[in-house]
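These are my notebook entries on a two-part question: how the sheets and cores are built, and what the chains share. I put down what I looked up, one topic at a time.

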Amino acid sequence: MSLSKEQIAQVIARELQDGFYVNLGIGIPTLVANYVPKTMEIMLQSENGLLGMGEFPTEENIDADLINAGKQTVTVIEGGSFFNSADSFAMIRGGHVDLTVLGAFEVDQSGNIASYMIPGKLVKGMGGAMDLVAGAENIIVAMTHANKHGESKILKKCSLPLTGVNCVKKVVTDLAVMELRDGVFHLLERAPGVTVEEIQSKTQADLVIDGDIPEIVLD
Amino acid sequence: MKGLNKIVNSYEEAMEGLTDNMTLMVGGFGLCGIPEGLIQKVADTGVKGLTCISNNAGVDGFGLGKLLEKRQIATMIGSYVGENKLFEQLFLSGEMEVILTPQGTLAEKIRAAGAGIPAFYTASGFGTDIAIGKETKNYNGKDYILEEAFPKADFALVKAWKADRYGNLIFKKTAANFNPMIATAGKITVVEVEEIVEPNELDPNFIHTPGIYVDRIIVGKFEKRIEQRTVKGN
């Protein structure tokens, strides 16, 4: 069984550490916030100018002046702060954010990531993603392993316009957890019931399989 | 006597001097913190050939979307097209020039414009299409590209929460976003505020934007449309 979006988020949440400042991108990454262990104190950074992003508001507490980078209405937690966009990206480029989680259309074994446009078809824009991948030491990409036609999104070389180069360290997909080391992906874990062969067949990039690959264990 | 009193009483006065082919910087992130009335005034004047520098271009029919509808923008410089169908269509068809710029670089190009810094190095976009034609440099093993500041905009359109007549501003929550930098980067900076207060009501310790940057202030009425209304339990 491949992992659901929520389960991908749950797997990524294992990387959180007490005291971390974390930026979560739009889509699956946003869901990571739902799996922060109760025993941990972390702060979520939203690049539109918010540190200490809280949960969604109740109907009565909705405030048009308080949104996240996905333009959703949110709240602020105790200890939170507001700041302008230049300060926000000083935090990001300056390496003050401990963990960045973002989505992608493609990643490759040179650590490159493509996430902002499909020429002639789809233009979303890079938003803050180019700054986030350039500034972060610790980047996890959350994505589906293959597109809806079954074609691999884990490539030897990205085909789409790049968001950043040589920056991806870890990728969590619906099928697998992989780490990029020395220009090659290493398979660390596989989704429950998904075989190594299936992962291999859906991975166009070189993939190192070292010994028995454990199944992901979810609480 | 006018002196340092920046308050104007009509949108006519607020946007006096606006002509075709000007460059506008416009504050806001999505629809949050946009100078709604000033944008409406630009739409009403019908000026054409504008270059707009703004993180987003509003949504269909609201915010800068109003200027897109009337084809008033020749060049749009921003970081995110998002779900704006008309923006995407004008971009893909080539009807409007669009210069996509990483959000942090956009903020810094505006900040630098106001701060008298002609250019800066950043790692954002190195090795991507953004870097094409730009000078690169390696510092301590890391690669950077040279990004130039924007020229000062003919008009900087800002939305703030409160102002006094001297043009001192404070912003509210995440409605600050690009507004504080944009306030510094206009040949003429016009600020639309929710409320004008007496000068002694704003604590000098907590001024976000000092009045030196501001030329005109007008009190606006804001719809504050929400793009993604999300509540607990969704």
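**Entry 1, the sheet of chain A.** I began with the strand order and found that ten strands of chain A form an open sheet in the order 4-3-2-1-5-10-12-13-14-15, with mixed pairing. Its edges are strand 4 (76-82) and strand 15 (207-208) of chain A, each of which pairs on one side only. I note before going further that this is a predicted model. At the strand 15 edge, I looked at the link to strand 14 (residues 184-190) of chain A, and the two strands run parallel and are joined by two bridges. Within this part of the sheet, Phe185(A) stands opposite Leu207(A), which belongs to strand 15 of chain A.

**Entry 2, the cores.** I next asked which residues have the most contacts inside the largest nonpolar core. That core has 52 residues, and the list I obtained is Val107(A), Ile113(A), Val141(A), Val171(A) and Phe185(A), so Phe185(A), noted above for standing opposite Leu207(A), turns up again here. Helix 1 (residues 5-13) of chain A gives the most to this core, with five residues. A separate core of 44 residues lies apart from it, and its members include Tyr116(A) and Met117(A) as well as Leu24(B) and Met96(B). I then followed Val141(A) and, leaving out residues up to four places away in sequence, found that it touches Val107(A), Ile113(A) and Val171(A), along with Leu102(A), Gly103(A), Ala104(A), Val168(A), Lys170(A) and Val172(A).

**Entry 3, the interface of chain A and chain B.** The contact draws 46 residues from chain A and 48 residues from chain B, and the two chains bury about 3900 Å² between them, with 61% of that on carbon and sulfur atoms. On the side of chain A, the residues that lose the most area to chain B are Asp65(A), Lys71(A) and Val123(A), which together make up 19% of what that side buries. I counted five salt bridges between the chains, and looked at the one in which the side chains of Glu55(A) and Lys232(B) meet, at 3.2 Å from N to O. The polar contacts across the interface come to 23 residue pairs, with both residues at pLDDT 80 or more. Helix 3 (85-93), strand 9 (122-123) and helix 4 (129-135) of chain A are the elements that give two or more residues to the side touching chain B, and helix 3 of chain A gives the most, with four residues.

**Entry 4, helix 4 of chain B.** Which residues of helix 4 (residues 85-92) of chain B are buried? They are Leu86(B), Phe87(B), Glu88(B), Leu90(B) and Phe91(B), and the buried residues of this helix pack against strand 9 of chain A as well as helix 3 (65-69), strand 3 (73-78) and strand 4 (97-100) of chain B. At the start of the helix, a side-chain oxygen of Asn84(B) comes within 3.3 Å of the backbone nitrogen of Leu86(B), and after the helix follows Gly94(B), with a positive phi near 80°.

**Entry 5, strand 7 of chain B.** Strand 7 (residues 142-148) of chain B pairs antiparallel with strand 5 (residues 119-122) of chain B over four bridges, and Tyr121(B) stands opposite Leu146(B) of strand 7. Strand 6 (residues 136-139) of chain B is also joined to strand 7 by four bridges and runs antiparallel to it, with Lys137(B) opposite Tyr144(B). The hairpin of strands 6 and 7 of chain B has two residues between the strands, and in it Asn140(B) takes a positive phi near 50°.

Conventions:
Residues are numbered from 1 along each chain as its sequence is written. Chains are lettered from A and ligands numbered from 1 in the order in which they are written. This is a predicted model: local features need pLDDT of at least 70, side-chain atom pairs count only at pLDDT 80 or more; totals for chains, interfaces and linings use all residues. Side-chain values use heavy atoms; hydrogens and water are left out. Two strands pair if DSSP finds at least two bridges between them. A nonpolar core is a set of buried Ala, Val, Leu, Ile, Met, Phe, Trp, Tyr and Cys residues joined through side-chain atoms within 4.5 Å. Buried means under 20% relative accessible area, exposed over 50%, partly exposed in between (1.4 Å probe, protein chains only). Contact means heavy atoms within 4.5 Å. Buried area is the accessible area (1.4 Å probe) that two parts lose on being put together, summed over both. A salt bridge is a side-chain nitrogen of Lys or Arg within 4 Å of a carboxyl oxygen of Asp or Glu. A polar contact is a pair of N or O atoms within 3.5 Å; within protein, one must be able to donate a hydrogen and the other to accept it, and residues adjacent in sequence count only if both atoms are side-chain atoms.
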